[in-house]
Amino acid sequence: MNKPIINILLTLLIFSCTDINQTENKIAQIENLRAENDRLKKIVAEIKNKYVFDSITVRDIPSYKNSYELNSNISGEIVFVGYNNDIQYTSVIIIDSISYNPKKLYNPDTLTLKNGGFHYEKKLDTERIYWKAEIQTKHQYGKKYGGILTNAAQVKKN
């Protein structure tokens with residue numbers, strides 16, 4: 001009678017030790033997952049304070065001061081440009097003017113994204129022309145950016 005009771009007690013003792021080991025392993029796994037989750041939350045919080053782009057391109061922008069005359073120096077600027085491929089979140093709209101409260105764009109013309117740039121063409125039909133553009137870009141993981149770009153062009157005088 002004592003042998004079956006001892007066998008039952010030993011079996012219960014072995015199973016209870018296994019359960020304790022499994023519980024300790026699960027607790028260790030949970031702690032590791034919590035630490036990983038905390039690191040990921042920190043990374044996401046940092047990303048929300050940065051501009052995030054889907055793509056980047058390099059642009060060589062010639063200086064407007066270039067005379068393009070024989071034996072003259074020319075200069076330009078090479079810039080790295082980030083942009084988002086999702087047209088839903090990136091836009092450039094050429095406008096005549098803008099008013100706020102409520103926001104209204106006058107004579108808007110939405111430009112299309114092509115190779116990371118929004119190409120436009122304006123007719124220089126007077127001595128000087130002006131134009132404005134509303135620029136907006138955002139990414140689901142980062143900061144959004146927006147603003148008004150103003151520009152002008154004038155006829156070159158000889």
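## Close-up views of a predicted model

**View 1. A nonpolar surface patch brings together L40, I43, I47 and Y141.** The model is predicted. The accessible area of the four patch residues is about 370 Å² together. Three of the names, L40, I43 and I47, fall within the range of helix α1 (residues 2-47). Y141 sits in the loop between β9 (128-137) and β10 (145-154). Y141 is partly exposed, at a relative accessible area of 48%.

**View 2. Q140 lies in the loop between β9 and β10.** Q140 is exposed, and its relative accessible area is 61%. K48 is 92 residues away from Q140 along the chain. In space, the C-alpha atoms of Q140 and K48 are separated by 8.9 Å. Y141 of the nonpolar patch belongs to the loop between β9 and β10 as well.

**View 3. The whole chain holds one helix and 10 strands.** The order from the N terminus is α-β-β-β-β-β-β-β-β-β-β. The helix, α1, spans residues 2-47. The protein chain has 158 residues, and 15% of them count as buried.

**View 4. The largest pocket encloses about 1000 Å³ of space.** Its lining comprises 34 residues, and R59, F118, Y120, I135 and L149 are the closest to the pocket centre. Two or more lining residues come from each of β1 (55-62), β2 (76-83), β3 (90-95), β8 (117-118), β9 and β10. Strand β10 gives the largest share, eight residues. By class, the pocket lining has 21 nonpolar, 11 polar and two charged residues.

**View 5. One cavity of 30 Å³ or more turns up in a search of the whole structure.** The largest cavity has a volume of about 30 Å³. Its lining is made of Y51, V52, F53, N84, T137, K138, H139, K143 and Y145. Four of these lining residues are nonpolar, three are polar and two are charged. Rolling a probe the size of a water molecule over the atoms shows where empty space is left.

**View 6. E31 and R34 form a salt bridge within helix α1.** The closest N and O atoms of E31 and R34 are 3.2 Å apart. The two residues are three positions apart in the helix, about one turn. E31 is partly exposed, with 44% relative accessible area. The structure holds two salt bridges, and the E31 to R34 pair is one of them.

**View 7. E134 and K103 form a salt bridge.** The closest N and O atoms of E134 and K103 are 2.2 Å apart. This pair links distant parts of the chain, 31 residues apart. E134 belongs to strand β9, and K103 to the loop between β4 (97-99) and β5 (104-106). E134 is buried, at 7% relative accessible area. K103 counts as partly exposed, at 45% relative accessibility. Side chains of opposite charge can pair when their charged atoms come close.

**View 8. A cis peptide bond joins N101 to P102.** Omega of this bond is near 0 degrees. P102 lies in the loop between β4 and β5, and N101 is placed in that loop too. Phi of N101 is near 60 degrees, a positive value in a residue other than glycine. N101 counts as exposed, at 79% relative accessibility. K103, from the salt bridge with E134, also lies in the loop between β4 and β5.

**View 9. N107 has a positive phi, near 55 degrees.** N107 is a residue other than glycine. The loop between β5 and β6 (109-110) holds N107. N107 is exposed, with a relative accessible area of 55%.

**View 10. V81 and T57 are 5.2 Å apart in space, C-alpha to C-alpha.** In sequence, V81 and T57 are separated by 24 residues. V81 has its place in strand β2. V81 counts as partly exposed, at 26% relative accessibility. Strand β2 is among the elements that give two or more residues to the lining of the largest pocket.

Terms used. Residues are numbered from 1 along each chain as its sequence is written. This is a predicted model: local features need pLDDT of at least 70, side-chain atom pairs count only at pLDDT 80 or more; totals for chains, interfaces and linings use all residues. Side-chain values use heavy atoms; hydrogens and water are left out. On a 1 Å grid over the protein atoms alone, a cavity is a set of points where a 1.4 Å probe fits but cannot get out, and a pocket is an open set with protein on both sides within 12 Å along at least five of seven lines; lining residues have an atom within 4 Å of a point. Grid points are joined across faces, edges and corners, and a volume is the space filled by probe spheres set on the points. Ala, Val, Leu, Ile, Met, Phe, Trp, Tyr, Cys and Pro count as nonpolar, Asp, Glu, Lys and Arg as charged, and the others, Gly among them, as polar. Patches are made of residues with over 30% relative accessible area and no salt bridge: like charges are joined within 9 Å, nonpolar side chains (Val, Leu, Ile, Met, Phe, Trp, Tyr) within 5 Å. Accessible areas come from the Shrake-Rupley method with a 1.4 Å probe; for residues, only the protein chains shown count as cover. A salt bridge is a side-chain nitrogen of Lys or Arg within 4 Å of a carboxyl oxygen of Asp or Glu. Helices (H or I, at least four residues) and strands (E, at least two) are DSSP runs, numbered from the N terminus. Buried means under 20% relative accessible area, exposed over 50%, partly exposed in between (1.4 Å probe, protein chains only).
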